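This briefing covers the chains, how they meet, and the surfaces that face the DNA. Please keep the sequence and the model in view while reading.

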Number of protein chains: 2
Amino acid sequence: MKLRDLEYILTIAEMKSFVKAAEHCNVSQSTLSIQLKKVEEYLGVQIFERSNKNVMLTRVGEDICTCARIMLQESQKIKMISKKNKDPLAGDFYFGSYPTMGPYIFPKLISIFFAHFPKTKVYFIEEKAEVLADKLEEGIVDCALIGLPIEKKNMTSVELFWEPYYLAVPICHPLAKKKSIVMGDIKDETLLLLEQDHCLTDHILSELCTDIGVGKTDNYRATSLETLKNMVAIGTGVTIVPKIALPAEDKNIAYIPFESREIGHSIGLSWRNNSPANDICLALYEVIKGIDFFSK
Amino acid sequence: MKLRDLEYILTIAEMKSFVKAAEHCNVSQSTLSIQLKKVEEYLGVQIFERSNKNVMLTRVGEDICTCARIMLQESQKIKMISKKNKDPLAGDFYFGSYPTMGPYIFPKLISIFFAHFPKTKVYFIEEKAEVLADKLEEGIVDCALIGLPIEKKNMTSVELFWEPYYLAVPICHPLAKKKSIVMGDIKDETLLLLEQDHCLTDHILSELCTDIGVGKTDNYRATSLETLKNMVAIGTGVTIVPKIALPAEDKNIAYIPFESREIGHSIGLSWRNNSPANDICLALYEVIKGIDFFSK
DNA sequence: TAAAAATACTCCATAGGTATTTTAT
DNA sequence: ATAAAATACCTATGGAGTATTTTTA
């Protein structure tokens, strides 16, 4: 039993004639007779009561037609859905970013999409790196601005820029006068950090500050960089922030670069190799690789 | 796009693997690859995002699967409907009768169906001959006890019996003493009849009493034979009733046969030649042709 | 006798199989 | 190197056409 057979059946039912239905379906009358016979044999029921002068649905035939109509409607729906989604640029596109970058980059991206991919409907998603990588992998997110390297299979990643970290200290703090910082400088400071499972926190604790006392940071966990900065401003401690979070000016906090250019992270664009949005991702990369992410 | 393709797609989506889906569908992996590719090309959209290690539905693919599931469900429904209706004896059967016979014959038929076609669900329909013939033709009724001949195409009719008409007169009426009647005897009587479009009325007026005054019957039209008999009993007039309507005994009315055996009608069983219930009709005929329709 | 469905016979498109190649980890 | 998807090539089923036969009003 094929969809075509159902079309034949519905047409015969409508036309009440094999000859007319054959014309309508652009096939020969014999094709209809044979196909109908096959379906009836396959199902073991008579769908039409017919003589050479009369064609009429049986009661079973009517019930079958009800189902057949639904099936063909759904089949049309599949074609409609496909038609609407044929152009990959005209579909939905889920763009992800790590949280500290999101608020700064999303507005820029909106303009970029409006100018370069006006038909694409973009949704923005903000998650910490690990979750973002999972969502990328699962197909929930199509493309993400994320710290590299990313430990997932089937991913294409391109580097966009290196984002250095800065030390934030109260303006009156002794370190505030320094031109640059080394890790040793802050080993006796109270280091304020974001929540335990935040990617920036993870990165700082597991890669950058492995040699300094970590235990003393345990009691100070904020949920946003802005909160952290406020805490620094009132002298609760110091913190490390990515360059993007630096304000144009700040009367209460001094932001000091690290001496080593290694203190920071590489930021790139990642997407699944076989994503249908592959073309958009590549095109997007071509557009945004040139922009200055730190211009406000 | 065929139903089989949709099964393939749903299985691949479920198994997230071409090899496993192929096993499950009992086809080779290449078949799935090729068929899926064809469907994707036909629809112009990518249904799966796939590498050699990963198979995942795209968003369009998910929408397509939703439709595909409905289609396959309906397809199963068609098979279920067919399975339930494979046995023609286990289906619905609509039996029609002309109204004067209905009340007498239906109880008998119920026993017959219970004994001979216990799986058949019978529905009884009572209509005047003309409507009954239309319903037979339209397939609303499968088989009918009806006056012959019947002017419809594609019908098989078999005669069951000849039903003579009787004259009903009040017990005290002069004609009540007669052994038999000729039409001339009642040409001065008030002839009570059923409604204008009743088949018995039609038959009496158009074929039997064409030569007697008809105008004088116009004011007396009842809706049932029982009403007519009551009117006869109180002396309103006389009437003509089919034999089936004769009571075992009647203190108030005398029922007198007509001299001519022609006054009456031939009753038969009719059904459409190509009806799926053909076998039941034939078998039913074999059973009921032997019974005495006039035994109470 | 005419009109419509059923059947006979033929052809070819395509679903499916086997074997092989490509691809990505 | 391995495992899975893609591809190449061949086979066979069955859908469709033309011509003919059967059926019934």
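**Protein and DNA**

Around DNA strand C there are 24 residues, and those that come nearest are Phe18(A), Ser30(A), Ser33(A), Ser28(B) and Ser30(B). Two or more residues of this surface come from each of helix H2 (18-25) and H3 of chain A, and H3 of chain B. The model is a predicted one.

**Surface near DNA strand C**

- H3(A) provides the largest share of the surface near DNA strand C, with five residues.
- By residue type, the surface near DNA strand C holds five nonpolar, 13 polar and six charged residues.

**Surface near DNA strand D**

- DNA strand D is surrounded by 24 residues, of which Ser28(A), Ser30(A), Phe18(B), Ser30(B) and Ser33(B) are the closest.
- Helix H3 (29-43) of chain A gives two or more residues to the surface near DNA strand D, as do helix H2 (18-25) and helix H3 (29-43) of chain B.
- The most residues in the surface near DNA strand D, five, are given by H3(B).
- The surface near DNA strand D is made up of five nonpolar, 13 polar and six charged residues.

**Relation between the two protein chains**

- A turn of 180° with a shift of 0.1 Å along the axis lays chain B on chain A, with an RMSD of 0.1 Å.
- The two copies are therefore related as by a two-fold rotation axis.
- Met71(B) has the C-alpha nearest the axis in chain B, at 2.3 Å from it.

**Contact between chains A and B**

- In the contact between the chains, 38 residues of chain B meet 38 residues of chain A.
- On the side of chain B that touches chain A, strand S1 (48-50) and helix H4 (59-84) of chain B each supply at least two residues.
- H4(B) gives the most to that side of chain B, with 14 residues.
- The side of chain B that touches chain A divides into twelve nonpolar, 13 polar and 13 charged residues.
- The copies meet through the same surface, because 100% of the interface residues of chain B are also interface residues in chain A.

**Helix H2 of chain B**

- Which residues of H2(B) are buried? They are Phe18(B), Ala21(B) and Ala22(B).
- These residues cover an arc of only 105° around the axis, so they lie on the same side of H2(B).
- An α-helix has 3.6 residues a turn, so residues three or four places apart point the same way.
- The buried residues of H2(B) pack against helix H1 (3-15), H3 and strand S2 (55-57) of chain B.
- Phe18(B) thus has two entries here: Phe18(B) is one of the buried residues of H2(B), and Phe18(B) is among the residues closest to DNA strand D.
- Asn26(B), just after H2(B), takes a positive phi of about 60°.

**Overall form of chain A**

- Chain A has nine helices and eleven strands.
- The radius of gyration of chain A is 32 Å, whereas a compact globule of 296 residues would have one near 19 Å.
- Along the principal axes, the C-alpha atoms of chain A fill a box of roughly 105 × 40 × 30 Å.
- Of the 296 residues in chain A, 33% are buried.
- Taking contacts in chain A between residues at least 6 apart in sequence, 72% join residues at least 24 apart.

Technical notes. Residues numbered from 1 in each chain as written. Chains lettered and ligands numbered in written order. Predicted model: local features only at pLDDT ≥ 70, side-chain atom pairs only at ≥ 80, totals over all residues. Near = placed C-beta within 6 Å. Helix = DSSP H or I, 4+ residues; strand = E, 2+ residues; numbered from the N terminus. Nonpolar A, V, L, I, M, F, W, Y, C, P; charged D, E, K, R; others polar. Least-squares fit on C-alpha atoms with pLDDT ≥ 70 in both. Contact = placed C-beta atoms within 7 Å. Buried ≥ 20, exposed ≤ 12 C-beta atoms within 10 Å, placed from the backbone. Arc of directions from axis to C-beta. Rg over C-alpha atoms; globule rule 2.2 N^0.38 Å.
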